[in-house]
Amino acid sequence: MIRHCEASAILAIDEEGRVLMEKQFRYPYGDDIYEIPAGKADPKEDPMETAKRELAEETGYQASQWVHLGDMYPSCAYTDEVIHIYLAQGLTPGERRLDEGESLDYRFIKMADLKTMVSEAL
């Protein structure tokens with residue numbers, strides 16, 4: 001079993017109903033992957049604070065409205081990882097603060113286009 005820290009993921013939706021998605025290279029797949037903003041919690045950090053920090057660091061955006069959507073156990077057969085998922089709305093842009101060595105792009109994707117992307121990936 002692999003022990004893992006907690007993490008938070010953010011479903012950020014703008015006023016037009018578009019989803020904020022990130023695209024970054026993921027070594028296990030050898031390819032660029034689209035994903036929602038997310039990141040590991042600092043020791044003893046509240047999951048909501050992790051979500052706010054990660055959204056701001058990775059995209060520069062801040063949100064005025066936050067809702068906890070639930071928790072996900074992505075690989076429960078071999079790790080105790082928990083990802084807390086939040087809905088973020090009322091977005092305002094700001095300056096990104098990527099971690100050293102971190103490289104990612106982000107963009108807003110219309111919900112219909114996102115559904116097509118998911119369908120084509122299946």
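Does Tyr61 count as buried or exposed, or, put another way, what does its relative accessibility make of it? In this predicted model, Tyr61 counts as buried because its relative accessibility is 15%, and the cut-off for buried is under 20%. Tyr61 sits in the loop that links α1 (47-59) to β5 (62-72). Leaving aside residues up to four places away in sequence, the contacts of Tyr61 include Leu55 and Ala56, along with Leu20, Tyr106 and Phe108. Tyr61 also touches Leu91, Thr92, Pro93 and Gly94. Cys76 is another story: 15 residues separate it from Tyr61 in sequence, yet their C-alpha atoms are 31 Å apart in space.

The helix just before that loop is worth a look of its own. With 13 residues, α1 spans 18 Å from its first C-alpha to its last, close to the 18 Å expected at 1.5 Å a residue. At the start of α1, Asp46 lends a hand: one of its side-chain oxygens comes to within 3.0 Å of the backbone nitrogen of Met48. After α1 comes Gly60, with a positive phi near 85 degrees.

Most of α1 is covered, with eleven of its 13 residues buried. Among them are Pro47, Met48, Thr50 and Ala51, as well as the charged-sounding pair Arg53 and Glu54. Leu55 and Ala56, both contacts of Tyr61, are on the buried list too. The buried residues of α1 pack against β1, β2, β4, β5, β6 (83-92) and β7 (105-109).Then there are the pockets. The largest pocket holds about 940 Å³ of space. Its lining runs to 28 residues, and Gln24, Arg26, Glu35, Ala38 and Glu81 lie nearest the centre. At least two lining residues come from each of β1 (7-12), β2 (19-26), β3 (31-35), β4 (38-40) and α1. Helix α1 turns up here as well, giving the largest share of this lining with four residues. By class, the lining of the largest pocket splits into twelve nonpolar, six polar and ten charged residues.

The second largest pocket contains about 160 Å³ of space. Met21, Tyr34, Leu114, Met117, Val118, Ala121 and Leu122 line it. Helix α2 (residues 111-121) gives the most to this lining, with four residues. The lining of the second largest pocket has seven nonpolar residues, with no polar and no charged ones.

Technical notes. Residues numbered from 1 in each chain as written. Predicted model: local features only at pLDDT ≥ 70, side-chain atom pairs only at ≥ 80, totals over all residues. Heavy atoms only, no water. Buried < 20%, exposed > 50% of the residue type's maximum accessible area, 1.4 Å probe, protein only. Contact = heavy atoms within 4.5 Å. 1 Å grid on protein atoms, 1.4 Å probe; cavity = no way out; pocket = protein on both sides within 12 Å on 5 of 7 lines; lining within 4 Å. Points joined across faces, edges and corners; volume = space filled by probe spheres on them. Nonpolar A, V, L, I, M, F, W, Y, C, P; charged D, E, K, R; others polar. Expected span 1.5 Å × (residues − 1). Polar contact = N/O pair within 3.5 Å; in protein donor to acceptor, adjacent residues only side chain to side chain.
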